[in-house]
Amino acid sequence: MNQTPNTISLFEVNATNTPAVQIFASLHHKAFQNIGQKSWSESEVTSLLSSESIHGFLLQENQVPYGFVMIRLVDIEAEVITLGLDPHYQQLGYGRFLLYETLKILRLFKVKKVFLEVREDNIKAIHLYKTFKFRKIGVRSKYYQTLDRKLIDALTFKLEI
Ligand SMILES: CC(C)(COP(=O)(O)OP(=O)(O)OC[C@H]1O[C@@H](n2cnc3c(N)ncnc32)[C@H](O)[C@@H]1OP(=O)(O)O)[C@@H](O)C(=O)NCCC(=O)NCCS
């Protein structure tokens, strides 16, 4: 995507910032409910963000948040724990921008290897990761349970940066 306005930014969410945690949980709910997957409660988001190795960010434009990402940093390795967008903002190039900015942050932290997991039927996300040259390194059988109780494999992807 080449037409990203300059006003888009990533805002770090601390566990103690209750309004930002609420927005994170609300966006997570909208993004994942839309694909039939369980979302995180505010207390789950707070609990994750309370860990020293975990960082969360909101993607916002003119202070209107519509995307989120959470990463875990362990030395030179990182995991993208979750990432997503309000469905109204999907398929407009923002997911690509969010992942691009996330990788920029990870490079600042001197990360060399990035891992993530994705549902094997999440075609959009898989397409996005592949265009960043993530490669599939494994499968976790029946790892995800959908809201309608189907069990779906997770694909593990890795990128060296
Ligand atoms: C996955 C997600 C973050 C992608 O963000 P997005 O803003 O919708 O995607 P973008 O507009 O940046 O497009 C990224 C790429 O996916 C492609 N894409 C978009 N919709 C697609 C579709 N229905 N099928 C296949 N590819 C698709 C785009 O064409 C683009 O590739 P291109 O640049 O080569 O054309 C977003 O859809 C989302 O929040 N989904 C719900 C939550 C989720 O699945 N998170 C990931 C969990 S691992």
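Of the contacts in the chain with a separation of 6 or more, 56% join residues 24 or more positions apart. This figure, like every other in this report, refers to a predicted model.

**Fold and dimensions**

The chain holds four helices and seven strands. Their order along the sequence is β-α-α-β-β-β-α-β-α-β-β, a pattern that begins with a strand and ends with two strands. For 161 residues, a compact globule would be expected to have a radius of gyration near 15 Å; the chain has 15 Å, so its value agrees with that of such a globule. Taken along the principal axes, the box filled by the C-alpha atoms is roughly 40 × 35 × 35 Å. Buried residues account for 27% of the 161 residues in the chain.

**Surroundings of the ligand**

The ligand is surrounded by 21 residues. The closest of these are Gly84, Gln90, Gly95, Arg96 and Ala125. Three helices and one strand each supply at least two residues of this shell, as listed below.

| Element | Residue range | Residues supplied to the shell |
|---|---|---|
| α1 | 18-33 | at least two residues |
| β4 | 77-85 | at least two residues |
| α3 | 94-108 | at least two residues |
| α4 | 123-131 | at least two residues |

Which element gives the most to the shell around the ligand? The answer is α4, with six residues. By class, the shell comprises 11 nonpolar, eight polar and two charged residues.

Technical notes
Residues are numbered from 1 along each chain as its sequence is written. This is a predicted model: local features need pLDDT of at least 70, side-chain atom pairs count only at pLDDT 80 or more; totals for chains, interfaces and linings use all residues. The radius of gyration is taken over C-alpha atoms; the globule rule is 2.2 Å times the number of residues to the power 0.38. A residue is buried if 20 or more other C-beta atoms lie within 10 Å of its own, exposed if 12 or fewer, and partly exposed in between; C-beta atoms are placed from the backbone. Two residues are in contact if their C-beta atoms, placed from the backbone, lie within 7 Å. A residue is near a molecule or strand if its C-beta atom, placed from the backbone, lies within 6 Å of it. Ala, Val, Leu, Ile, Met, Phe, Trp, Tyr, Cys and Pro count as nonpolar, Asp, Glu, Lys and Arg as charged, and the others, Gly among them, as polar.
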